[in-house]
Amino acid sequence: MHILGLEGTAHTLGVGILDEEGNVLANVMKSYKPKEGIHPREAANHHASNMLPAINEALETAGIVREDISLVSFSQGPGLGPCLRTVATAARALSLALKVPLVGVNHCIAHIEIGRLTTDCSDPVLLYASGGNTQVIAFSRGRYRVFGETLDIGVGNMLDKFGRMNHMPFPAGPEIERRASLAKGFVELPYSVKGMDVSFSGILTASLNSSSPLDDLCYSLQETVFAMLTEVTERALAHTSKNEVLLGGGVARNKRLRGMVETMAAERGARAYAPPGPLCVDNGAMIAWTGYIMYKAGCETPLEKSAVMQNYRTDEVDIAWRK
Ligand code: ATP
Ligand code: FE2
């Protein structure tokens, strides 16, 4: 059996093909790279014009033809409306043309499930840190529940905004990481943890208004926001009595964030895990895999229920495949 998954909640159009054992046969990604901030309509146009080439490339890489696909899944939300609608339209068309079932997947949950598939963790607290999303999620009483999240912007969007104002290329995360390693001093920035939630807009404003050297600011920005994320993750671990942390999202590629989370986990007798890079960022393989385990648990998305959900909450989904 071959499962095709389409991802397109934000910048990245992803097409993944997996078999039922979870082997990733193809994981094609095409990313829209804005010069300024992301423009949803332009990103959607990018996804539309890359859709067919990306699907064909994935089929070719997997060494199969369209007719070999027996399940189509797609990211139903949360995300940018125009992007979600473009990808949902393609998924519906494929499912109808191939006469195979369709499954709509919650994007945040897919980040957890691909981690459970590709690392040794089984019941982790997920620190999901990407451009648009920043959440700490864990399984509890039949649902993936959000234990903490950003009260304003995603941590990656904050880093990208800081980078843009300082003339760095997009995405700025990797460049901020590089510059942080050249820093000579630490600059005090607002440390903003409220209960289990975090907020980044005050830190962004303070760092944009600072006249400190750019490398020092990059270093201090990383130290401050990653410490905030690690603190909230640690409290979620303590609260849920779990002993595994999973990292997901583009910001989780950052070595300093990984290091902080690993140290925190080790000090508590817990372990930290992260999927390989291409499965950490937004990708079609995670959507394909989550669609498959949902389908096996009896979930299917009929056409009339396949409308996209821009604000699709992680804890709205009944996790029928984990009891
Ligand atoms: P979504 O929010 O829908 O999950 P996204 O479009 O933000 O998706 P990702 O690929 O998960 O997608 O994450 C991109 C973000 O990751 C960008 O904000 C980028 O700056 C950040 N990023 C990438 N590499 C690093 C790094 N080494 N350090 C810090 N941030 C990074
Ligand atoms: Fe994501």
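**Ligand 1 and its surroundings**

In this predicted model, the side chain of S130 has an N or O atom 2.7 Å from an oxygen atom of ligand 1. E177 makes a similar kind of approach: here an N or O atom of the side chain sits 2.7 Å from a nitrogen atom of the ligand. V251 joins in through its backbone, with an N or O atom 3.4 Å from a ligand oxygen atom. Taken on its own, ligand 1 would expose 650 Å², and the protein buries 91% of that area.

As for the site itself, ligand 1 takes up the space of the largest pocket. Two elements, α4 (155-165) and α5 (173-180), are the ones that give two or more residues to the shell around the ligand. That shell counts 23 residues in total, and the closest of them are Y128, S130, G131, D160 and D282. Sorted by character, the shell comes out as 12 polar residues, eight nonpolar and three charged. Both domains take part in it: domain 1 (2-111 + 279-322) supplies at least three residues, and so does domain 2 (121-274). S130, then, is both among the closest residues and a partner of a ligand oxygen atom through its side chain.

Turning to the backbone, a few spots stand out. One is the peptide bond between F170 and P171, which is cis, with omega at about -10°. P171 belongs to the loop between α4 and α5, the two helices already met in the shell around ligand 1. Another cis peptide bond links G77 to P78, this time with an omega of about -5°. P78 is found in the loop that runs between β4 (69-77) and α2 (81-98).

At the other end of α2 comes K99, placed in the loop between that helix and β5 (102-106). K99 is not a glycine, yet its phi is positive, near 55°. The loops on either side of α2 thus hold one backbone feature each that is described here: the cis bond at P78 and the positive phi of K99.

Terms used
Residues are numbered from 1 along each chain as its sequence is written. Chains are lettered from A and ligands numbered from 1 in the order in which they are written. This is a predicted model: local features need pLDDT of at least 70, side-chain atom pairs count only at pLDDT 80 or more; totals for chains, interfaces and linings use all residues. Side-chain values use heavy atoms; hydrogens and water are left out. A residue is near a molecule or strand if one of its heavy atoms lies within 4 Å of it. A polar contact is a pair of N or O atoms within 3.5 Å; within protein, one must be able to donate a hydrogen and the other to accept it, and residues adjacent in sequence count only if both atoms are side-chain atoms. Accessible areas come from the Shrake-Rupley method with a 1.4 Å probe; for residues, only the protein chains shown count as cover. On a 1 Å grid over the protein atoms alone, a cavity is a set of points where a 1.4 Å probe fits but cannot get out, and a pocket is an open set with protein on both sides within 12 Å along at least five of seven lines; lining residues have an atom within 4 Å of a point. A molecule sits in a cavity or pocket if more than half of its atoms lie within 2 Å of its grid points. Helices (H or I, at least four residues) and strands (E, at least two) are DSSP runs, numbered from the N terminus. Ala, Val, Leu, Ile, Met, Phe, Trp, Tyr, Cys and Pro count as nonpolar, Asp, Glu, Lys and Arg as charged, and the others, Gly among them, as polar. Domain bounds come from an automatic or database domain assignment.
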